[in-house]
Structures are given as structure tokens and as C-alpha cells.
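User: I'd like to learn how to read salt bridges in a model. Could you walk me through it?

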Amino acid sequence: MKTKTNILLALMLISFAPMLHAQDFWERISFPDSVTIRCMALNQQGHIFVGTGSHGETGGVYRSLDDGQSWECVYFLDRFSIFSIEINEQGYIYAGKNGFDALICSKNNGEDWHPLYPPLGDNLLEILCVGGDTIFISQWTSGPFIAYSYNGGQDWDSVYLENHQIARVRDIALADNGCLYAGVHGYSSGEGGLYKSEDWGKSWNYIGLVNHQVCAVAVNSNNEVFTGDWWTMNYNVQTPGLYALYEGGDSLEMILESVQVTDIAIAENDDIYIAANYWNLVSYDNGYSFEVLSKPSQLIGATELEIASNGHIYGFGGNSVVKSIDPLITALPLIKQTGKDHLLKLYPNPSSKYLNILFEGKTSTGTIYVGITNSEGKKVFERKFVSEEKLQIDIGHLPVGLYFARVRTNKELLCRKFIKR
């Protein structure tokens, strides 16, 4: 069993902060100081999109194409706020806000926006995109509510995780094995906790942490789950902090005590980055111990975190944007990318029955080899096609989870991931 890190150890680490990364981990990125940042996302090209707005402020979506050197407002709101922003693998940008047209989408990098119409239509808090078609959202309306669409937001279904009118879903995370996890932020006794879905969002089961205000959920490559609390409804009995559901464990255990967690980000090599109490911490040993990255006295840090494709971690707090000075040390990808993998198209993604494969540069002659491996690297499908055949694969028999499709011709090898739901 893991040994939890308590607040005394956190204070010790703070005392020795000069020995750690606190002095040189972050650098500040220029951002307009007249607006409050609410959310952030980066696309594969490194373009930064920031949602803004607060009480009495005008909100909107800001975009930077040059890593924060300059900004432009690409979507303007009058007296409304952008609460959440997410970018799918096709580069489509989804932003959630309060007021009418709670979910908006841009398919051309923020140049134009159009509304989508989820069921309740207001106060959209969280967005999770999977593949090119599936969207999960949470809304703060009449309880812990999640809506989901499998066709890019054209049609929606929805479900309540628990029967409470005030609680809300604050975070949604996807594991490589296809399981979804949701953190519920409660306000009264009997509310809140961690929930799990094994049927792609249609139904949810309670895991633990009732009476906790779960604000952040993240899953590592071993499908181990980490949650962060803001507070608890019964502090005399329960303690807020960071909790983990480790491989082989049957219950959540506390690994960091008495911290108010606002976000969790896990790198490719499973290093855990935490935003808590306006401090930034990191664990290099899967939660055994934590080190301080930044502290309030530096006036630089992050309350929300985002790991970008360039290897850097970005964050924000208030009206400040920060970026790690150096890229994170990340593990090698499961399958080496070729630099042309964006030419390989898999659809629908996620899929429950058939996977269609299309790629640019296909020649009229020659043999095409298609292989599929699961998230553990085990080959689950292999077939040789002639170039004239339609590349369609029946994946209905595969377990739900993350897979990699590799297509090899006599010219190149291309690889992309997909989800079986």
C-alpha cells in the first residue's frame, strides 16, 4: 500500500523549495490583464485558446498563434463567461459558457463559430472530446448531469449521476481501457464523490468519496485513478486532499492530505502534476512523494494545468498564463510516430462495430498491411489488403478500450489511435 504524504511533509518541502524547482520551473506568458481566465486548451500546432469572463466582465475566447507573444479575441461575449474549452483530434474547438447557446464550436481554428444544442442549454462546465465524434459535457443546472453525443453534437443523450439538486460534475476523464470517471462537487451532506462508467457514459456507478467536493480527476497509463478535493462537507471526519485508486486496490486512499486541489495533469511517463492551494506540486514516483514546483510568494504558478504536444506544461491563474521553462521528460510513445500520421483517417472514432481506414497517398497497386494493437502493445488484428479493397475492419469482438491502428505500404508506415466503445 502507498504511504500518504501529509501536510507536514508538504510544509517541509516548501521550506526546502530553493533546492527544488520552485525558482525556475515556470515562465510567465504575456496576457491581457483586463480579463479573468477560466479555461485553456492547446491544439496540435501549439496554438493557445483561452476562455475568459467573470462577474461584471465581458468574456470571450482569446487565441495566440505565436506561443503567447500576441493575442486576439476570436469570440466576444457581452457579460457572459467561457467556462470550458476542449479541442478534439480533428482540431475542432468546443467552448462551453453560460447563457443561451451554451456550447459553441469552431472547425477552422477559431475563425468562425456555430452553436450546438445540448439538452439543458446553460452553464456548461466541463467538456471531454474523444476521437472525432464523441463529446461528453457537464452542466450546472439541476444536479450532477452529464450529456453525451456520439456524432459531433448533432444528437444528445443524458444521465444524472446522483439524485441531488445542487451537486455538479466538475471533471470527466477517460482511461485507456475505455472506462470513464467523473468527479462530483457536492455542497450538502450525502453529495459528491467519484463515479465510473463502463458503458460509454450511459450509466454511472459510485466508487467513493461521498461528502467530498471532487474537483479534478486524472488517469495514468496503468488505468490508476487520481482525484483531488476542494473541501469536504464533514471536515471533522473527512479530510480533503489527493486520493488514488491504485492497480489492484478496491478503495481510494489518501496520498496527499489537507490540500485544496484544483487540477491534476499526468504526463506520458506518468509523472503527476498538481495545482493545489495555489501551489504547484509534482510526484515522480506515482504518488509516494511530492515536490514543490512553485509557491504563492513567487507570484507565478497555475491553478489549472494543460500538457501540450510540444512537451511543455501550461497553466493559468487569475489573469496570468504560465509555461514550463523546459519541456517535461516524457516516455517514448507506445508506437513511434512517422511525422505523417495525420494523413491516416480512422472513422467513426470511437466505434463500436466497424472501423474504416482512409489515408492520403494510397497508390492504385501494391499490398496494404493493417495491424491493430491494444494499449498494452499486444497485436489483436492483422490482415493483408490489396489496394482496390475497401479498408473496413470488424472490431465488434474487441473489448472496450484504446487501440492503435498501423497501416504499412511499400512506401511508409502510418499509425493512429482509436477508441472501441
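User: Let me start with one side chain: is E382 buried or exposed?

Analyst: Happy to help! Keep in mind that this is a predicted model. The general idea is to compare a relative accessible area with a cut-off, and exposed means over 50%. E382 has a relative accessible area of 57%, so E382 is exposed.

User: Which residue forms a salt bridge with E382?

Analyst: That partner is K379, with the closest N and O atoms 3.3 Å apart. The general test asks for a Lys or Arg side-chain nitrogen within 4 Å of an Asp or Glu carboxyl oxygen. K379 itself is partly exposed, at 45% relative accessible area.

User: How many salt bridges does this rule give?

Analyst: The count comes to 7. One of them joins the side chains of R63 and E72, at 2.5 Å from N to O. Here R63 is buried, with a relative accessible area of 4%, whereas E72 is partly exposed at 36%. Shared partners also link R63, E72 and E111 into one network of salt bridges.

User: What do the side chains of K323 and D67 form?

Analyst: They meet in a salt bridge, 2.6 Å from N to O. A good habit is to look up where each partner sits in the chain. K323 belongs to strand β28 (residues 320–324), and D67 to the loop between β4 (60–64) and β5 (72–76), so this pair ties together parts that are 256 residues apart in sequence.

User: And is K323 buried or exposed?

Analyst: K323 counts as buried, at 11% relative accessibility, while D67 is partly exposed at 28%.

Technical notes: Residues are numbered from 1 along each chain as its sequence is written. This is a predicted model: local features need pLDDT of at least 70, side-chain atom pairs count only at pLDDT 80 or more; totals for chains, interfaces and linings use all residues. Side-chain values use heavy atoms; hydrogens and water are left out. Buried means under 20% relative accessible area, exposed over 50%, partly exposed in between (1.4 Å probe, protein chains only). Helices (H or I, at least four residues) and strands (E, at least two) are DSSP runs, numbered from the N terminus.
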